[in-house]
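Biologist: Could you take a close look at one part of this model for me, the largest pocket, and then walk outwards from there to the strands around it? Keep it chatty, but give me the numbers.

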Amino acid sequence: MSEGAADNKSAGVGSILSAARQRQGLSVADVARQLKLRVRQIEALEADDYKSLPRITFVRGFIRNYAKLLQIDAEPLLKPTEHLLPTPQVPEAGPGVAEIPSVSNKNNLWRSYAAFALFASLGVMFLVYEWYREQSVPRTKPVSAAVKPQKSKTPVAQFTPRPASPANPANTVSPANQASTSGPVVPGDTPLPEQTGEARPVAQKIRSSEIRLEFDDESWVGITDKNGRTIFAQLNPAGSTQTVRGYPPFLLVAGNAAGVRLFYNDKPVDLQPYTKVDVARITLE
């Protein structure tokens with residue numbers, strides 16, 4: 001069959017998809033984002049330009065997913081592309097060589113999907129494992145260092161009353177004077193707040209901090225505060241923004257960290273140095 005005849009049979013598939021898309025008010029960029037394809041690939045599908053796309057088996061998968069997105073029947077759109085499928089060729093068996101069975105392209109496609117699903121599942125399991133492993137580690141609460149009063153190293157002078165003599169009656173010590181002066185006298189000591197009636201300084205309250213997350217790609221993020229309490233944990237779509245407030249220090253774990261932009265108290269924080277196997281784990285003080 002000539003190439004021109006093949007193009008005539010497949011003509012109209014792209015125009016049907018384009019018309020259905022326009023009726024639903026979707027742009028080419030909207031479709032490309034939802035199908036995880038490039039804009040030029042969607043434009044090639046609507047123009048029936050299959051030469052600009054990968055193998056025909058993938059093109060049929062693109063058409064099927066496109067029709068499913070637009071909620072139209074995919075079978076009438078796939079029939080004009082059946083003649084584009086390559087005819088499986090069985091190599092001639094030479095002397096002493098066993099015949100090699102051909103492998104269906106459809107089976108290869110399903111194997112590719114299965115391998116992709118397996119790796120995606122492993123990635124999610126690894127992320128969940130890291131998150132719960134971090135939660136199981138006991139966290140110590142920050143202890144504020146109390147200022148202890150230092151004992152004075154200055155030698156203490158003890159007052160010892162002397163007996164009164166007739167020649168110097170001023171040396172006579174009354175019981176009231178003896179009670180007030182018999183205690184230790186420390187030169188240079190300042191009175192304590194309790195003795196002067198002054199109020200002790202009150203420790204400042206810890207202020208809350210703000211975490212802002214901007215997602216360029218879909219990502220799961222979990223955050224715990226200084227008490228180990230989970231204050232944020234969810235899957236965030238691409239293009240969304242989340243703001244979380246709490247008391248530091250925070251532990252932040254982010255999957256698909258390359259698609260997350262982090263701002264701590266309005267200051268950008270680079271997650272790349274804290275990223276391992278596409279998962280970032282960072283402590284914000």
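Modeller: The largest pocket holds about 550 Å³ of space; bear in mind that this is a predicted model. Its lining is made up of 19 residues, and those nearest the centre are A120, G123, V124, N256 and D278. Sorted by class, the lining comes out as 11 nonpolar, 4 polar and 4 charged residues. Helix α7 (105-136) and strand β2 (219-224) each put in at least two residues, and α7 is the top contributor to the lining, with 8.

D278 deserves a second look, since it is one of the residues nearest the pocket centre. This aspartate has a positive phi of about 70 degrees although it isn't a glycine. D278 sits in the loop between β8 and β9. With a relative accessible area of 40%, D278 falls between the 20% and 50% cut-offs, so it is classed as partly exposed. The strands on either side of that loop, β8 and β9 (residues 279-284), run antiparallel and are joined by 2 bridges. In one of those bridges, K276 has V279 of β9 as its partner.

Now zoom out to the sheet. β8 and β9 belong to an open sheet of 5 strands, in the order β3-β2-β5-β9-β8, with antiparallel pairing. Each of β3 (230-236) and β8 (275-276) has a single partner strand and stands at an edge, so one side of each has no neighbour in the sheet. β2, the strand that helps line the pocket, comes between β3 and β5 in that order.

Follow β5 next, because it leads to the aromatic contact. There is 1 aromatic pair by the ring-centre rule. The ring centres of F250 and Y264 are 6.2 Å apart and the planes stand at 80 degrees, so this is an edge-to-face pair. F250 is in β5 (residues 250-255) and Y264 in β6, 14 residues apart, so to speak a link between distant parts of the chain. F250 counts as buried at 1% relative accessibility, and Y264 is buried too, at 11%. Leading into β5, the loop from β4 contains P249, and the peptide bond from P248 to P249 is cis, with omega near 5 degrees.

β6 and β4 both bring us to β1. β1 (residues 209-215) is joined to β4 (residues 241-246) by 6 bridges, and these two run antiparallel; E214 stands opposite T241 there. On to β6 (residues 260-264): 5 bridges tie it to β1, again antiparallel, with L213 partnered by L262. Of the 7 residues of β1, 5 are buried, so the rest of the structure largely encloses this strand.

One last stop, away from the strands, is helix α2 (residues 13-23), whose buried residues are V13, G14, L17, S18, A20 and R21. They span an arc of only 165 degrees around the axis, so they lie on the same side of α2. Q22 and R23, on the other side, are exposed. Just after α2, G25 has a positive phi of about 70 degrees. Q71 is also worth a click: its phi is near 60 degrees, positive in a residue other than glycine. Q71 lies in the loop between α5 (56-70) and α6 (75-78), and at 72% relative accessibility it counts as exposed.

Terms used. Residues numbered from 1 in each chain as written. Predicted model: local features only at pLDDT ≥ 70, side-chain atom pairs only at ≥ 80, totals over all residues. Heavy atoms only, no water. Buried < 20%, exposed > 50% of the residue type's maximum accessible area, 1.4 Å probe, protein only. Helix = DSSP H or I, 4+ residues; strand = E, 2+ residues; numbered from the N terminus. Pairing = 2+ DSSP bridges. 1 Å grid on protein atoms, 1.4 Å probe; cavity = no way out; pocket = protein on both sides within 12 Å on 5 of 7 lines; lining within 4 Å. Points joined across faces, edges and corners; volume = space filled by probe spheres on them. Nonpolar A, V, L, I, M, F, W, Y, C, P; charged D, E, K, R; others polar. Arc of directions from axis to C-beta. Phe/Tyr/Trp six-rings, centres within 6.5 Å; stacked < 30°, edge-to-face > 60°.
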